[in-house]
Amino acid sequence: LDSVSMAKHVIASFDELLETGFEGQDADLVSSMVCKLDDIEENTDKLQVAVRIALFAIEEELPPLNVMFLYKIIQWTGELGNAAQRVGHTVQLLLAH
């Protein structure tokens, strides 16, 4: 959720970037937000691994269908973080040009 929220802030800053021609203080602010977004997503990846390990440790105690859905939820959460990171990288590419 943190990475999606940060991507939302990056997108919200896009109007200011258009007004300034992708230069100046707004561009620096968005660039720092993209860097923070990368850090958040990296942390999310680490948490995803930890949650998978924890689930693996108790999966025999749970109904198989529940385990399957829990692994799917973990995967989808990771995909949200990855999508947010791609948004940040796309904006960063626009700043570079």
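**Entry 1: the pocket**

Which residues line the largest pocket? I looked this up before anything else. My list reads Leu1, Asp2, Ser3, Val4, Ile40, Asn43, Thr44, Leu47, Thr77, Leu80 and Gly81. Three elements each give two or more residues to this lining: α1 (2–12), α3 (25–58) and α4 (64–96). The largest share is from α3, with 4 residues. I noted a volume of about 180 Å³ for the largest pocket.

A note to myself on the model: it is predicted, so local features need pLDDT of at least 70 and side-chain atom pairs count only at pLDDT 80 or more, while totals for chains, interfaces and linings use all residues. Residues are numbered from 1 along each chain as its sequence is written, and side-chain values use heavy atoms, with hydrogens and water left out.

I also wrote down what the words mean. On a 1 Å grid over the protein atoms alone, a pocket is an open set of points where a 1.4 Å probe fits, with protein on both sides within 12 Å along at least five of seven lines; a lining residue has an atom within 4 Å of a point. Grid points are joined across faces, edges and corners, and the volume is the space filled by probe spheres set on the points. Helices are DSSP runs (H or I, at least four residues), numbered from the N terminus.

Then I sorted the lining by type and got 5 nonpolar, 5 polar and 1 charged. For this sorting, Ala, Val, Leu, Ile, Met, Phe, Trp, Tyr, Cys and Pro are nonpolar, Asp, Glu, Lys and Arg are charged, and the others, Gly among them, are polar.

**Entry 2: Ser3 and Ala84**

Is Ser3 buried or exposed? Ser3 is buried, because its relative accessible area is 3% (buried is under 20%, exposed over 50%, partly exposed in between, with a 1.4 Å probe and protein chains only). Ser3 sits in helix α1. Setting aside neighbours within four places in sequence, I found Ser3 in contact (heavy atoms within 4.5 Å) with Leu37, Ile40, Gly81 and Ala84.

I followed that list to Ala84, which belongs to helix α4. Ala84 counts as buried too, because its relative accessibility is 5%. Beyond four places in sequence, Ala84 is in contact with Ser3, Val4, Ala7 and Leu37. I also checked Asp2: 82 residues separate Asp2 and Ala84 along the chain, and their C-alpha atoms are 9.5 Å apart.

**Entry 3: the nonpolar core**

Which residues touch the most other members of the largest nonpolar core? They are Val10, Leu17 and Val30, in a core of 13 residues. At least two core residues come from each of α1, α3 and α4, and α3 gives the most, 6 residues. A nonpolar core here is a set of buried Ala, Val, Leu, Ile, Met, Phe, Trp, Tyr and Cys residues joined through side-chain atoms within 4.5 Å.

I picked Val10 for a closer look. Apart from neighbours up to four places away in sequence, Val10 is in contact with Val30, Met33, Val34 and Val91.

Next I tried Leu95, in helix α4. Leu95 is buried, because its relative accessibility is 18%. Leu95 touches Leu17, Phe22, Ala27, Val30 and Ser31, not counting residues up to four places away in sequence. Tyr71 is 24 residues from Leu95 along the chain, and their C-alpha atoms are separated by 37 Å.

**Entry 4: charges and helix α3**

How many salt bridges does a search of the whole structure find? I got 1, counting a side-chain nitrogen of Lys or Arg within 4 Å of a carboxyl oxygen of Asp or Glu. The partners are Glu42 and Lys46, with their closest N and O atoms 3.6 Å apart. Both lie in helix α3, 4 residues apart, about one turn of the helix. Glu42 counts as partly exposed at 44% relative accessibility, while Lys46 is exposed at 54%.

I then visited two other residues of this helix. Asp38 is in α3 and counts as partly exposed at 22%. Past four places in sequence, Asp38 is in contact with Gln85 and His89. Gln48 is in α3 as well, and Gln48 is buried, with a relative accessible area of 17%. Its contacts beyond four places in sequence are Ile74, Gln75 and Gly78.
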